[in-house]
Amino acid sequence: MDELTLMRDFHAERVKEDPAARAAAWRALEARFDPGPAPAVVAPARRRRSLFSRRRRLFGFAGATALAAAVAGIFVLSSGPTAQPAAAEILHETAAVAAAGDAAAAIPGPGQFLFTKFKRLELEGWIAGGPSPEEDTPGQVMGSTLSRRDAFNALVATTQEWWTGQDGAGRIREVADTPRFLTEREEDRWEAAGSPLPAPFDPAYQRRFPLAFGDALEVRRGVVDREASALKGYRFPDTSNLPTEPQELRRAVESNQIPLSGFSLMYPAADRLDTDQTIAELFNILQEGNPMRPQLRAAIFNALAELPGIEVDTDATDLLGRQGYAISSVEAETGVGLEYVFDPGTAELLAQRNFISETGRNPALKGLPAGQTIRETAYLESGVVDSTRESSAEAESGGPLATTEPTYRK
């Protein structure tokens, strides 16, 4: 896919009038390449669900979006980590669960769509309605905060539903909840200002930049529901050529010569990966791989168990309160960590979280405490459906379900 050409064309066609409109277009374009968790398809089509995920990343957009790729130094911060060899035993047990799972899934066929649903909590800073046209400053950042006095900073929760066809075309529905402010004082100031939501969910912003919503099916406070056009060269991630023997898989990852299509390696320029990078790439495969054969999923956990220094937190929870086990990593230069929470009873990935491990390392996160969530994605459901009006739960139940609506305070 010629991503640079796509970005230039999108930029030229959709927004020429001012920096805020450009920001809205970048957000929309980023979403096309980073549909968050987009969990993998499960078989048979239309009748099963999974929590497994993939992420198609396009780095370099808003603030700390790229932080999710900066991974090093595996360790656990929470209160219940286990040390080797106990961690290895847990991972081997999880691998056995994975090996007993369902057969590999097929990708959507002609006229079908991969439906995915997830909950996302992300640190954002925004200016109500966006900046004035004469300002050449950002009106919104994601993954960090804005220091301007007229800006609001909070954790913004969204529920997102994606329908993705064979060519990348489909539908994206995003619904915002009430922002979770870091202090009561900030929340009081926000309420006094009329409770403005961040773009693209604020009606004032929607009216001000209509070109950013030209493909929308529905736009109102807290809701953006839009069609997604086809993407040149789009294809679903494919790991069918990866080895399923743990030692062979680990060596292939360490040499950074694994046959993957449909998404990028985390360290494309590296000739060889160190231990920390190997762990990160194994989780990258677990996230993005589609179809994910039970044997490959088992091989990933067994390969992780072979690596030195890895620990497992057996008392982890995700943003929805679901219990699981977790493995965490930290990028040494920024002090930003990445945590994976998985269900040991099903070998399914429940959530992924970026967090502050050590304060003072990243200027964009100045003043925020250690442990602060920067971004968390909890994976809810996925499956193959026959239209962009059907969810995987509806396909399984055979009947319509209620549409997600905002829960913010008006």
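The paragraphs below move from the whole chain to two helix pairs and then to one residue.

This is a predicted model, in which local features need pLDDT of at least 70 and side-chain atom pairs count only at pLDDT 80 or more, while totals for chains, interfaces and linings use all residues. Residues are numbered from 1 along each chain as its sequence is written, and side-chain values use heavy atoms, with hydrogens and water left out.

The secondary structure of the protein comes to nine helices and 14 strands, where helices (H or I, at least four residues) and strands (E, at least two) are DSSP runs numbered from the N terminus. Of its 410 residues, 58% count as buried, a term for under 20% relative accessible area, as against exposed for over 50% and partly exposed in between, with a 1.4 Å probe and protein chains only. Among contacts (heavy atoms within 4.5 Å) with a separation of 6 or more, 68% are accounted for by residues 24 or more positions apart.

Helix α3 (residues 86-99) and α8 offer a first pair, with axes that come within 8 Å and cross at roughly 175 degrees; axes here are lines fitted to C-alpha atoms, for helices over the stretch in contact, and angles run from 0 to 180 degrees between N-to-C directions. That angle makes α3 roughly antiparallel to α8, given that angles over 145 degrees count as roughly antiparallel, under 35 as roughly parallel, 65 to 115 as roughly perpendicular and the rest as oblique. On the α3 side the residues include Leu-91, His-92 and Ala-95, and those they meet in α8 include Ala-298, Phe-301 and Asn-302. By class, this contact of α3 with α8 has ten nonpolar, three polar and one charged residues, with Ala, Val, Leu, Ile, Met, Phe, Trp, Tyr, Cys and Pro taken as nonpolar, Asp, Glu, Lys and Arg as charged, and the others, Gly among them, as polar.

A second pair is set at another angle: the axes of helix α6 (residues 246-254) and helix α7 (residues 275-288) come within 9 Å and cross at roughly 110 degrees, and α6 and α7 are therefore roughly perpendicular to each other. Here Leu-249, Val-253 and Glu-254 in α6 meet Thr-278, Glu-281, Leu-282 and Ile-285 in α7, and these residues divide into four nonpolar, one polar and two charged.

Asn-302 lies in helix α8 (residues 294-306) and counts as buried because its relative accessibility is 18%. Its side chain makes a polar contact with the side chain of His-92 at 2.7 Å, a polar contact being a pair of N or O atoms within 3.5 Å of which, within protein, one must be able to donate a hydrogen and the other to accept it, and residues adjacent in sequence count only if both atoms are side-chain atoms. Leaving aside neighbours within four places in sequence, Asn-302 is in contact with His-92, Ala-95 and Pro-246.
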